[in-house]
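Trainee: Please take a close look at one part of this structure, the surroundings of the ligand, and tell me how that part fits into the rest. I would prefer a connected account to a list.

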Amino acid sequence: MRATTGWRADGRAATLRQVTLERRDLRPDDLAVRVDYCGVCHTDLHSLRDGERSASVVPGHEFTGEVTEAGPEVTRFAVGDKVAVGNIVDSCGVCAMCEAGQENFCHEFPTLTYGGTDRHDGSTTLGGYSREYVVRERFAHPLPTGLDPAATAPLLCAGITVWEPLHSLGVGPGTRVAVAGLGGLGHLAVKFAVALGAVTTVISRSADKAGDARRLGAHDLVVSTDPEQMAAARDRFDVIIDTIAVPHDLGPYLRLVAMDGTLSHVGHLGQVTVEMFDLLAGRKKLSSAGSGGLPATAAMLDFCARHGITADIELVASKRVNEALDRLQRNDVRYRFVLDLSDLGG
Ligand SMILES: NC(=O)c1ccc[n+]([C@@H]2O[C@H](COP(=O)([O-])OP(=O)(O)OC[C@H]3O[C@@H](n4cnc5c(N)ncnc54)[C@H](OP(=O)(O)O)[C@@H]3O)[C@@H](O)[C@H]2O)c1
Ligand SMILES: [Zn+2]
Ligand SMILES: [Zn+2]
């Protein structure tokens, strides 16, 4: 095993402490990556602070860094290469989903970057709030040149999670897209939709983010707490990407979907109750998505490089991670915290 330093919440604790961590020795197709920047996803907050947790957790599943060592069978990377890693780090490789390049839907369940179970040794994976990560090369992506490495990190979870549904739903020039919840996922969904040529609207709880929405390229903002605005937006959108981080009634959002359109609910995951009439009236579709397959992730990174798209970030030293999580919980970030892990040394 090899030692590194990272941020861990022990047992039921919600606070992260700096600790020494162990990484596995490299397998033949592994890379050791010095983690430079790791985004703070709302999922990290859910895993630290929502519900019961008995096991320790090292969060972090969207990071960029540099290869420091490569196993003997590694072919795509060399020491010194810049890489990006997202929220899945392995899959079975042979099921129909893996064959189709949708490793995120692997029938054996993909190995999550943290809190997952390693397919070889059964250990629990430890995330990117850490100075080093050991990853199978297949699940590392070349960092696109020309993009800021810190602001690229959030593309690997927040970005790909909204990219796949936008892409698979055929969003393009003229598609009427709405993005519900303007946070980490939401602001990237707006940038992507705008760059794809969609007529893009933000649905937010207040008008506070209207200026930001315009700056991001959105054409309009609908205030979800204003019944008149919601009524006026009835049947207006071909696609709604719902990134809201808390359980909520889908009815008001389904009523904004146009005939034969789709509500893609990618935010807070859990049970939802749907009034079938909200789907019946207009033959509307309810869908979801999460993470992305390797080909789609590569395509998204290529699209971002061509369009100069990265996240709007607030970069903080990793020792401020608990404060960043508190602020994320209060919705006090525009629009993604990224941890600079250089304060961990190495
Ligand atoms: N499907 C997946 O694979 C996947 C991947 C990553 C994340 N997620 C999930 O996606 C959700 C969003 O993640 P994120 O990192 O984008 O979070 P975030 O940055 O906190 O943004 C979430 C947005 O949801 C809205 N919101 C927050 N609290 C709300 C409340 N009480 N009522 C209504 N709206 C509220 C806010 O938008 P406004 O201020 O504009 O209203 C907020 O900006 C999280 O639940 C996360 O776990 C899923
Ligand atoms: Zn995430
Ligand atoms: Zn599989």
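Mentor: Helices here are DSSP runs of H or I with at least four residues, strands are runs of E with at least two, and both are numbered from the N terminus. The model is a predicted one. With those terms, the span of residues 11-339 is 25% helix and 26% strand, and its end C-alpha atoms are 23 Å apart. UniProt, in an unreviewed entry, gives this span the feature "domain: Enoyl reductase (ER)".

The domain assignment divides the chain in another way, into domain 1 (2-157 + 302-344) and domain 2 (159-287). Between the C-alpha centres of domain 1 and domain 2 there are 27 Å. Where the two meet, eleven residues of domain 2 are in contact with 14 residues of domain 1. On the domain 1 side, the residues that touch domain 2 comprise eight nonpolar, three polar and three charged ones.

Now to the ligand. The shell around ligand 1 draws residues from both domain 1 and domain 2, so ligand 1 lies between them. There are 28 residues around ligand 1, and those that come nearest are His42, Gly181, Gly183, Ser204 and Gly290. Sorted by class, the shell has 15 polar, eleven nonpolar and two charged residues. Three helices each contribute at least two residues to the shell: helix H1 (42-49), helix H4 (158-168) and helix H5 (184-195).

For the rest of the picture, take strand S3, residues 30-39. Of its ten residues, nine are buried, so S3 is largely enclosed by the rest of the structure. Strand S3 has several antiparallel pairings. With strand S4 (residues 63-70) it pairs over seven bridges, and there Leu31 faces Ala70. With strand S8 (residues 132-136) strand S3 shares five bridges, also antiparallel, and the S8 partner of Leu31 is Val135. Leu31 therefore has bridge partners in S8, where it meets Val135, and in S4, where it stands opposite Ala70, a pair being counted when DSSP finds at least two bridges between the strands. Strand S17 (residues 336-340) pairs with S3 in the antiparallel sense over three bridges; in that pairing Cys38 of S3 stands opposite Leu339.

To return to the site itself: ligand 1 sits between domain 1 and domain 2, with His42 and Ser204 among the residues that come nearest.

Methods: Residues numbered from 1 in each chain as written. Chains lettered and ligands numbered in written order. Predicted model: local features only at pLDDT ≥ 70, side-chain atom pairs only at ≥ 80, totals over all residues. Near = placed C-beta within 6 Å. Nonpolar A, V, L, I, M, F, W, Y, C, P; charged D, E, K, R; others polar. Domains from an automatic or database assignment. UniProt positions renumbered as here; feature names shortened; annotations may be inferred. Buried ≥ 20, exposed ≤ 12 C-beta atoms within 10 Å, placed from the backbone. Contact = placed C-beta atoms within 7 Å.
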